[in-house]
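Here is a walk through one chain, from the overall fold down to a few single residues. Have the viewer open as you read.

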Amino acid sequence: MEAERRRELTALMIRFADGDRSAFKRLFDGLWPVLLAFTTRTLPSRADAEDAAQQALLKVFSRSVDFDRERDALSWALAITGYEVMTVRKQRQRRREADGDELGSVQDPAPTQEEQIMADDLRAAVRAVLGELPEHDQAALAFAFTGDAAPTDDTSRKRRLRALERLRAAWRKLHG
């Protein structure tokens, strides 16, 4: 999604949080397809994906007063959606539902051109932020982002936590 559209969603979320109910339809129309696409890619069942997206939207709208005006509305909504996806997965696991049969019939849709551009932009943004960090932070984060076996001593964990904090601060500084 282009930056202008993301800013528009954020402005709509702020208006909705301030009590402007006329922003609801445009906000819904902007968020629903993105959240549904996300849940559809992350859950094997279309029904579960729709349920998770609906629950996420309900939470987004009911928690709109908690929205931080300094943050991106789409990122906030996707974070809530991610928790809903985890909730659905945990529920399925508790019910001991097997995903095996459904996985065979689910096609992994090829990313659209817009999704590919967004992914490329995100990768470039992450590389730029990581490039701003000191070398020792980059090394500490390499363990967190790769499958390498990371040292488990307290010093290494603390070093990774501090590096992650600096990464978050750098990201907010560059991208809000």
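## The chain as a whole

What percentage of the 176 residues in the chain is buried? Buried residues come to 28%, where buried means under 20% relative accessible area, exposed means over 50%, and partly exposed is in between (1.4 Å probe, protein chains only). Bear in mind that this is a predicted model, where local features need pLDDT of at least 70, side-chain atom pairs count only at pLDDT 80 or more, and totals for chains, interfaces and linings use all residues. Residues are numbered from 1 along each chain as its sequence is written, and side-chain values use heavy atoms, with hydrogens and water left out.

The chain has 8 helices and 0 strands, giving the pattern α-α-α-α-α-α-α-α along the sequence. Helices (H or I, at least four residues) and strands (E, at least two) are DSSP runs, numbered from the N terminus. About 11,700 Å² of the chain is exposed, with carbon and sulfur atoms supplying 53% of that; the areas come from the Shrake-Rupley method with a 1.4 Å probe, and for residues only the protein chains shown count as cover. Take the contacts (heavy atoms within 4.5 Å) with a separation of 6 or more: 58% of them are between residues 24 or more positions apart.

## Two nonpolar cores

A nonpolar core here is a set of buried Ala, Val, Leu, Ile, Met, Phe, Trp, Tyr and Cys residues joined through side-chain atoms within 4.5 Å. The largest one has 18 residues, and the members touching the most others are Met 13, Leu 27, Leu 31, Val 60 and Trp 76. Helices α1 (3-17), α2, α3 (46-62) and α4 each give two or more residues to this core, and α4 gives the most, with 5.

Leu 27 is a good one to click on: beyond residues up to four places away in sequence, Leu 27 touches Leu 9, Leu 12, Met 13, Phe 16 and Phe 61. Apart from the largest core lies another, of 7 residues, including Val 129, Leu 141, Leu 167 and Ala 170.

## Where α2 meets α4

Helices α2 (residues 24-42) and α4 (residues 73-94) have axes that come within 10 Å and cross at roughly 35°. Axes are lines fitted to C-alpha atoms, for helices over the stretch in contact, and angles run from 0 to 180 degrees between N-to-C directions. The crossing is right-handed, as the near helix is turned clockwise from the far one by less than a right angle.

On the α2 side, the contact is made by Leu 31, Val 34, Leu 35, Phe 38, Thr 39 and Thr 42; α4 brings Leu 74, Ala 77, Leu 78, Thr 81, Gly 82, Val 85 and Arg 89.

## Three residues to look at

Thr 42 sits in α2 and is partly exposed, at 23% relative accessible area. Leaving out neighbours within four places in sequence, Thr 42 is in contact with Val 85 and Arg 89. Thr 42 and Gly 82 are 40 residues apart along the chain, with 9.0 Å between their C-alpha atoms.

Leu 74, in α4, counts as buried because its relative accessible area is 1%. Leu 74 and Arg 7 are 67 residues apart in sequence but 9.0 Å apart C-alpha to C-alpha. Ser 64 is in the loop between α3 and α4, and is also buried, at 4% relative accessibility. Beyond its neighbours within four places in sequence, Ser 64 contacts Met 13, Phe 16, Ala 17 and Trp 76.
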